[in-house]
Amino acid sequence: MEKLTSKYETIFIVDATLADDQIAATVEKFRALVEANATIEKVEDWGKRRLAYPINDMPEGYYTLISFTSDHDFPTELDRIYNITDGVIRSMIVKIDE
């Protein structure tokens with residue numbers, strides 16, 4: 001039986017107070033994780049941006065958006081990994097309707 005796949009977008013915000021190499025390593029970690037478990041359509045590094053409101057007393061964060069296609073189990077695992085990774089201050093995964 002063929003696995004059902006859907007299109008998703010995920011955006012995550014990394015703590016901007018980290019060193020540039022730590023930010024790059026965190027972004028690369030998630031890009032590689034998504035690439036290993038899904039088909040990446042695009043990756044957009046939005047860079048450092050001001051947050052709408054302070055999160056943990058931080059006024060800025062480093063934003064990255066990844067669009068991908070995967071089976072239905074992977075987004076749950078990706079969300080779990082976001083939540084246990086130090087340096088990720090917010091994340092969101094949305095399913096794109098086709």
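**Figure 1. Contacts of Glu9 in strand E1 of the predicted model.** Leaving aside neighbours within four places in sequence, Glu9 is in contact with Leu65, Ile66, Ser67, Met92, Ile93, Val94 and Ile96. Glu9 lies in strand E1, which runs over residues 5–15. The C-alpha atoms of Glu9 and Ile93 are 5.7 Å apart in space, although 84 residues separate Glu9 and Ile93 in sequence. Glu9 has a relative accessibility of 26% and counts as partly exposed; the cut-offs are under 20% for buried and over 50% for exposed.

**Figure 2. Surroundings of Ser91 in strand E4.** Strand E4 covers residues 88–96, and Ser91 is found in it. Not counting residues up to four places away in sequence, Ser91 touches Ile11, Phe12, Asp79 and Tyr82. Its relative accessible area is 25%, so Ser91 is partly exposed. From Ser91 to Val34, 57 residues away along the chain, the C-alpha separation is 14 Å. Ser91 is also one of the residues that line the largest pocket.

**Figure 3. The largest pocket and its lining.** The space in this pocket amounts to about 170 Å³. Its lining consists of Ile11, Phe12, Ile13, Leu51, Ala52, Tyr53, Ile55, Tyr63, Arg90, Ser91 and Met92. By class, 9 of the lining residues are nonpolar, 1 is polar and 1 is charged. Strands E1 (5–15), E2 (39–55) and E4 (88–96) each give at least two residues to the lining. Which strand supplies the largest share of the lining? E2 does, with 4 residues.

**Figure 4. Helix H1 and its buried face.** Helix H1 takes in residues 20–37, 18 residues in total. At 1.5 Å a residue H1 should span 26 Å, and its end C-alpha atoms are 26 Å apart, which agrees. Ile23, Thr26, Val27, Phe30 and Val34 are the buried residues of H1. Viewed down the helix axis, these buried residues fall within an arc of 95°, so they line one face of H1. The buried residues of H1 pack against strands E1, E2, E3 (58–71) and E4, and against helix H2 (74–84). Asp21 and Ala36, on the other side of H1, are exposed.

**Figure 5. Helix H2, its buried side and its exposed residues.** Helix H2 spans residues 74–84. Its buried residues are Phe74, Pro75, Leu78, Ile81 and Tyr82. They cover an arc of only 120° around the axis, which puts them on the same side of H2. The elements that cover these buried residues include E1, H1, E3 and E4. On the face turned away from the buried side, H2 carries the exposed residues Thr76, Asn83 and Ile84. Asn83 has a relative accessible area of 58%. Between Asn83 and Asp97, which lie 14 residues apart along the chain, the C-alpha separation is 25 Å.

**Figure 6. Asp79 of helix H2 and its contacts.** Asp79 is found in helix H2. With a relative accessible area of 32%, Asp79 is partly exposed. Setting aside residues up to four places away in sequence, Asp79 touches Ser91 and Ile93. The pair Asp79 and Ser91 is 12 residues apart in sequence, and the two C-alpha atoms are 7.7 Å apart in space.

**Figure 7. Asn56 and Asp57 in the loop between E2 and E3.** What sign does phi have at Asn56? Asn56 is not a glycine, yet its phi is positive, at about 55°. Asp57, likewise not a glycine, has a positive phi of about 60°. Most residues other than glycine have a negative phi. Asn56 is placed in the loop between E2 and E3, and Asp57 lies in that loop as well. Asn56 is exposed, with a relative accessible area of 62%. Asp57 is exposed too, its relative accessible area being 74%.

Notes. Residues are numbered from 1 along each chain as its sequence is written. This is a predicted model: local features need pLDDT of at least 70, side-chain atom pairs count only at pLDDT 80 or more; totals for chains, interfaces and linings use all residues. Side-chain values use heavy atoms; hydrogens and water are left out. On a 1 Å grid over the protein atoms alone, a cavity is a set of points where a 1.4 Å probe fits but cannot get out, and a pocket is an open set with protein on both sides within 12 Å along at least five of seven lines; lining residues have an atom within 4 Å of a point. Grid points are joined across faces, edges and corners, and a volume is the space filled by probe spheres set on the points. Ala, Val, Leu, Ile, Met, Phe, Trp, Tyr, Cys and Pro count as nonpolar, Asp, Glu, Lys and Arg as charged, and the others, Gly among them, as polar. The expected span of a helix is 1.5 Å times one less than its number of residues. Buried means under 20% relative accessible area, exposed over 50%, partly exposed in between (1.4 Å probe, protein chains only). The arc is that of the directions from the helix axis to the C-beta atoms. Contact means heavy atoms within 4.5 Å.
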